[in-house]
Amino acid sequence: MQNPFENAMEQLDKVAKIKNFDASFIERFRRPDRDIRISIPVKMDNGNIKIFEGYRVEYNNALGPYKGGIRYHKDTEINEVKALAFWMSIKCAVAGIPMGGGKGGITVDPKDLSKGELERLSRGWVKKLADILGPKKDVPAPDVNTTPEIMDWMSDEYEKITGDKTRATFTGKPIEKGGSEGRGPATGLGGFYVFDSLRAQLGLPEKCKVVVQGFGNVGLNAAEIFIKHGHSVIAISDSKGGVYNPNGLDLKKLVEHKKITGSLSGFTACKDISNEELLEIECDLLVPAAYENQITTKNANKIRTKVVLELANGPVTPGADEILFKKGIPIIPDVLANSGGVTVSYFEWDQNLKGEHWTEKEVFNKLRPMMHDAAQKVFENGKKYSTDLRRGAFILALERIEEKI
Ligand code: NAD
């Protein structure tokens, strides 16, 4: 596994070669404002105390409070969290929201814990970090394996410790507990709006054949939204593998099939495929929506899509970026493509602070023009600097941050 923070720094160095940013600014941006590791003691159901390792990285707050999700994963470690916090700083700036970048995590496979243990662990993370969190300081959110329920526990713990009743310190909460309408599908929907804004400019047909890696919040929502807008999803996968039908999948039935059998494999009229095979299917749009480092120098030459829409964070390594660029396959980068999630998180924070509750229609009506505007600015930068969309996005973000730093 490549070190994701090294990948992120390689991306930064590449951008600094194209546009003359102040050298001291780039140097400063190579380090987070602070990275914190914590030990979280949790009383397990058998009465024993187990210590878990947790993290919060506050990368940069030039544009506003640190903002970024909390990941629960057995492989989560500080370099991953630092990379994700760096990308959050870029992403918030690309999306044009008044937020900085942060990220958190705990090294844990939540499937190994009972619900009570998971709640005590989540509250433990907040107990250790409450001092640095707050609506005007640092505003966490969900990420891989963290749910609205977990955000509610965390928000409740923060309120108990500090007395702050705004509920604006955590976003991604359940709707009845101060969450925003539309946060669930926001990342997939934002990705679709970005795709829709750039589709014709990238030479894609009106009706695309789409391949999606990932069957979680982002992948499943994105697949549903693409189908709703007349595109066909011809393959999709989860961590165990995927299914492929060149004529398109019946997603509703596939969701039922997974509920009953516990896996995607063996679905009617589909071929079972591995995740490696899925990435190499010929299609119009490939949507990695699972984890980082999926398209690397090992498989980049075998990729046969016309365009990649990065809904996961960091799914294409810098080496693979170069190969796809040379092959003429544009990548709509994560910092743009999946920024719908943090944009609706920002809407949630804004509603909490103002004591308002917007309808889903209002949320989507605000999201769409923001995604379109960001997509077009990134595309213009790509043309202006004769570079790819990732560098176009980084230049846009770094210009906005440098102005405020
Ligand atoms: P999730 O936990 O809901 O889903 C992850 C999915 O990926 C699951 O279906 C899992 O089975 C699948 N998966 C795991 N390993 C895989 C593999 N090797 N190949 C194929 N599938 C695999 O997580 P999510 O919230 O959907 O997040 C997915 C990605 O999107 C992450 O990179 C996350 O950082 C990014 N992201 C999420 C949001 C959000 O709002 N949830 C916002 C921005 C970015």
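## Around the ligand, and a five-stranded sheet

In this predicted model, a backbone N or O atom of Ser239 sits 3.0 Å from an oxygen atom of the ligand. On its own the ligand would expose 830 Å², and the protein buries 84% of that. Two elements each give two or more residues to the shell around the ligand: helix H7 (217-228) and strand S7 (232-238).

The shell counts 24 residues, with Arg71, Asp143, Thr187, Val218 and Asn313 as the closest. Sorted by class, that shell has 8 nonpolar, 12 polar and 4 charged residues. Here are the polar contacts to ligand oxygen atoms, side by side.

| Residue | Atom on the protein side | Distance to a ligand oxygen atom |
|---|---|---|
| Thr187 | polar side-chain atom | 2.7 Å |
| Val218 | polar backbone atom | 2.9 Å |
| Ser239 | backbone N or O atom | 3.0 Å |

Now for the sheet. Here 5 strands make an open sheet with mixed pairing, and the order reads S1-S2-S4-S3-S5. At the edges are strand S1 (34-43) and strand S5 (138-142), each pairing on one side only. From one strand to the next, the twist averages 25°.

Take the pair S3 and S4: strand S3 (residues 66-73) and strand S4 (residues 100-107) run parallel and are joined by 6 bridges. One of the residues involved is Tyr66, whose bridge partner in S4 is Gly100. Packed on this sheet is helix H3 (residues 78-95), which touches S1, strand S2 (49-60), S3 and S4. The direction of H3 makes about 155° with that of S4.

Key
Residues numbered from 1 in each chain as written. Predicted model: local features only at pLDDT ≥ 70, side-chain atom pairs only at ≥ 80, totals over all residues. Heavy atoms only, no water. Pairing = 2+ DSSP bridges. Helix = DSSP H or I, 4+ residues; strand = E, 2+ residues; numbered from the N terminus. Axes fitted to C-alpha atoms, helices over the stretch in contact; angles between N-to-C directions. Contact = heavy atoms within 4.5 Å. Near = heavy atom within 4 Å. Polar contact = N/O pair within 3.5 Å; in protein donor to acceptor, adjacent residues only side chain to side chain. Areas by Shrake-Rupley, 256 points an atom, 1.4 Å probe, with all protein chains shown as cover. Nonpolar A, V, L, I, M, F, W, Y, C, P; charged D, E, K, R; others polar.
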